[in-house]
Amino acid sequence: MTAAREIPSVTLTGADYSVYTRIARIALDLKGVRFRFEPLDVFAEGGTGKARLAGHPFGKIPVLRHGDLTLFETLAITRYIDQAFDGPPLEPAEPAGRARMNQIISVVDTAVYPVLVWGLHVPRSEGREPEPETIAEGRKVLSVLEDLAGAPWICGSTPSLADAYLAATMDYVLDSAAGDRLSRDAPRLWDWWQRAEALMHES
Ligand SMILES: N[C@@H](CCC(=O)N[C@@H](CS)C(=O)NCC(=O)O)C(=O)O
């Protein structure tokens, strides 16, 4: 294990708007790791090539560098952050809590990101009407998360990687046809967000 305070050699490459960059950034903040942020707009002209050069073979963001180690894929990056540095554990210790955390992360990867961010928020931000079945699907995803939501954090008493994953999507979720009445439709999730929103502003 390495003391976070002695490590200036961590670099996160990505963009503020990027859900997956945000997740890695929140994990670094929760762990108390100092890092350098290298902005890379993957959607700008030449962005994919720059992401490849930064170390992502698929031309995506984020990329994490720590000394000689270059990592892509947020699952690997966030687990590495949790395991390689001192700081509060970001995964519940007991199997059921850890399974719950992984379940919520998987729901973010496979449902919140494709359905609520890309299927609902992005069309709205471009002035397009989302498909009614996508709105219904988005509402279903949020009702599942409402049932899973713990307190005060999404998996219980301390913040975990699941909070990082979900918090990173929430401004897009709230600006979507399924999420813009969250305080009424999903009060537990809304309460969680009143606390978790701070994670978006730490570093
Ligand atoms: N599976 C990747 C997903 C990363 C990802 O999709 N990043 C988005 C930005 S949030 C991206 O780079 N998109 C550019 C593209 O798909 O061309 C991870 O977990 O890191």
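Here are four short exercises on the structure above, each with a worked solution.

Before you start: this is a predicted model, where local features need pLDDT of at least 70 and side-chain atom pairs count only at pLDDT 80 or more, while totals for chains, interfaces and linings use all residues. Residues are numbered from 1 along each chain as its sequence is written, and side-chain values use heavy atoms, with hydrogens and water left out.

**Exercise 1. Work out which residues surround the ligand, and which polar contacts Lys-60, Ile-61 and Glu-73 make with the ligand.**

Step 1: List the neighbours, where near means that a heavy atom of the residue lies within 4 Å. You should find Ser-18, Val-19, Tyr-20, Val-42, Phe-43, Lys-60, Ile-61, Pro-62, Glu-73, Thr-74 and Tyr-113.

Step 2: Look for polar contacts, meaning pairs of N or O atoms within 3.5 Å; within protein, one must be able to donate a hydrogen and the other to accept it, and residues adjacent in sequence count only if both atoms are side-chain atoms. Lys-60 puts a polar side-chain atom 2.7 Å from a ligand oxygen atom. Ile-61 uses a polar backbone atom, 2.8 Å from a nitrogen atom of the ligand. Glu-73 has a polar side-chain atom 2.8 Å from a ligand nitrogen atom.

**Exercise 2. Check the backbone at Pro-62 and at Glu-73.**

Step 1: Recall the usual picture: most residues other than glycine have a negative phi, and most peptide bonds are trans.

Step 2: Go to the loop between helix H2 (47-54) and strand S3 (63-66), where Pro-62 sits. Helices (H or I, at least four residues) and strands (E, at least two) are DSSP runs, numbered from the N terminus. The bond from Ile-61 to Pro-62 is cis, with omega near 10°.

Step 3: Move to Glu-73, in the loop between strand S4 (69-72) and helix H3 (74-84). Glu-73 isn't a glycine, yet its phi is positive, about 80°.

**Exercise 3. Describe how H1 packs against H3.**

Step 1: Get the angle and distance from the axes, which are lines fitted to C-alpha atoms, for helices over the stretch in contact, with angles running from 0 to 180 degrees between N-to-C directions. Helix H1 (residues 19-31) and H3 pack at about 5°, with axes 9 Å apart.

Step 2: Name the arrangement: under 35 degrees is roughly parallel, over 145 roughly antiparallel, 65 to 115 roughly perpendicular, and the rest oblique. So H1 and H3 are roughly parallel.

Step 3: Find the contact (heavy atoms within 4.5 Å). Tyr-20, Ile-23, Ala-24, Ala-27, Leu-28 and Lys-31 of H1 meet Thr-74, Ile-77, Thr-78, Ile-81 and Asp-82 of H3.

**Exercise 4. Do the same for H5 with H4 and for H5 with H9.**

Step 1: Take H4 (residues 95-125) and H5 (residues 132-148): their axes come within 10 Å and cross at roughly 155°. H4 and H5 are therefore roughly antiparallel.

Step 2: Turn to H9 (residues 187-196), which packs with H5 at about 75°, with axes 8 Å apart. That makes H5 roughly perpendicular to H9. The contact is made by Leu-142, Leu-145, Glu-146, Asp-147 and Leu-148 of H5 with Pro-187, Arg-188 and Leu-189 of H9.
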